[in-house]
Amino acid sequence: MKMKLEKLKEEFLKQLETVKDSEALREFELKFLSRKGELAQAMSSIKELSDEARKEAGALANNIKSELQEQFEIVKKSFDEQKAETSEIDVTLPGKKIASGHLNPLTLVQNEIEDLFTSMGFMVLDGPELESDYYNFEALNVPPHHPARDMQDTFYVDLKNKDGEYDLLMRTQTSPVQVRAMKKYGAPLKAIIPGRTFRCEATDARHEHTFYQLEGIMIDKKINFANLKGVCEIVGKKLYGPETKFRMRPKFYPFVEPGSNGEYTCFLCQGKGCRVCKHTGWLEILGCGLIHPDVLRAGGIDPEEYSGFAFGFGLTRLAMLKYGIDDIRLFMGGDQRFTEQF
Ligand code: DAH
């Protein structure tokens, strides 16, 4: 046994000297030092010896084992050091940047407006995109045969409601959430409602079947046109800078009375007239007015006691103007080269 161990040691050291690279060292390790390697095999045969001989051989085997392991580690360490020196990794180079996502420009504009309104005490509300005919039109003072429906053709959904009627559609505007919010929270009420809206449009650079709007309402005692104008002015100054002016011109919307559009001084030419504002100096951004008494009633609010204003604008249009985006289809196109720019 003793001789066998000495021979193994000799063989081990001889072969270790011939190892030239870390690949060969790995093979060497497998051959001699692994669980089924030669050293382990030799040691396992010790247990067949008689008591006396086993003691002696065991001690010798342990000594040899630690000596050989020590030699092996020395060689291994020298290979490792060599490898570090010749490695192709230059640890002084800056690390590779991990690509991070970007917010869609729509989200950026929405966040900006949400910050502004929450700072003035408005809630930010949500509503269903799959809406009933009632909330999308009737509760907003647009009965079935009203001509205003022609302007907002949408996608009707082939599903029956609880009463067995086909009355579901993809909402054409965020305005239905006005009535939903009134029913849920009552008056007084201050809320904005950003969200996705749909219309049956043939798409081109300026039209898209899916787009975003932002609605706002404020209901309290004695809310009037001056309050509406004041809030709209603040929005314009926040979006386009402190010099921005706001003007209103009468416009019909069935759910407000009186109704108005809202225009801001063109941010590009500061009102002088340019391509973006079609040489008028003004950009039409929103629709607004004082909430029609019928709409307040539909929301369960007494128009004799409370009044309110409402406004709605196209978030998509706002983002297009703000960032000079000339094709509406880019927003939802999923092309990263577009979103990466923001
Ligand atoms: N819902 C209207 C649209 O989609 C926009 C609008 C106009 C909303 C006037 C309002 C409003 O709240 O008062 O064209």
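Where is Lys-278 found?

1. Lys-278 is found in the loop between E7 and E8. The model is a predicted one, and in it Lys-278 has a positive phi of about 50 degrees although it is not a glycine. A reader who wishes to locate the loop may use its two flanking strands: E7 covers residues 256-265, and E8 covers residues 282-291.

2. Strand E7 also deserves a remark on its backbone. Pro-258 has its place in this strand, and the peptide bond that leads from Glu-257 to Pro-258 is cis. The omega angle of that bond is near -5 degrees.

3. A cis peptide bond also joins Ala-187 and Pro-188, where omega is about -5 degrees. Pro-188 is not placed in a strand or a helix but in the loop between helix H7 (176-185) and strand E4 (189-198).

4. The next points concern the ligand. There are 16 residues around the ligand. Those that come nearest are Gln-173, Ser-175, Arg-199, Gln-213 and Glu-215. By character, the residues of this shell divide into 6 nonpolar, 8 polar and 2 charged.

5. Several side chains place polar atoms beside oxygen atoms of the ligand. For Glu-215, a polar side-chain atom lies 2.6 Å from a ligand oxygen. For Arg-199, the corresponding distance from a polar side-chain atom to an oxygen atom of the ligand is 2.9 Å. For Gln-178, an N or O atom of the side chain is 3.2 Å from an oxygen atom of the ligand. The ligand, taken alone, exposes 350 Å², and the protein buries 91% of that area.

6. Which elements give two or more residues to the shell around the ligand? They are strand E5 (210-220), strand E8 (282-291) and strand E9 (307-314). Strand E8 has thus been met already, as one of the two elements that flank the loop of Lys-278.

7. The remaining points concern helix packing. Two packed helices are described by the angle between their axes and the distance between the axes. Helix H2 (residues 22-33) packs with helix H4 (residues 51-86) at an angle of about 160 degrees, and their axes are 10 Å apart. Angles over 145 degrees count as roughly antiparallel, and H2 and H4 are therefore roughly antiparallel to each other. Their crossing is left-handed.

8. Helix H5 (residues 105-119) and helix H8 (residues 225-240) form another pair, whose axes come within 11 Å and cross at roughly 135 degrees. That angle makes H5 oblique to H8. In this pair, H5 passes H8 in a right-handed crossing.

Definitions and conventions. Residues numbered from 1 in each chain as written. Predicted model: local features only at pLDDT ≥ 70, side-chain atom pairs only at ≥ 80, totals over all residues. Heavy atoms only, no water. Near = heavy atom within 4 Å. Polar contact = N/O pair within 3.5 Å; in protein donor to acceptor, adjacent residues only side chain to side chain. Areas by Shrake-Rupley, 256 points an atom, 1.4 Å probe, with all protein chains shown as cover. Helix = DSSP H or I, 4+ residues; strand = E, 2+ residues; numbered from the N terminus. Nonpolar A, V, L, I, M, F, W, Y, C, P; charged D, E, K, R; others polar. Axes fitted to C-alpha atoms, helices over the stretch in contact; angles between N-to-C directions. Parallel < 35°, antiparallel > 145°, perpendicular 65-115°, else oblique. Left-handed = near helix turned anticlockwise from the far one by under 90°.
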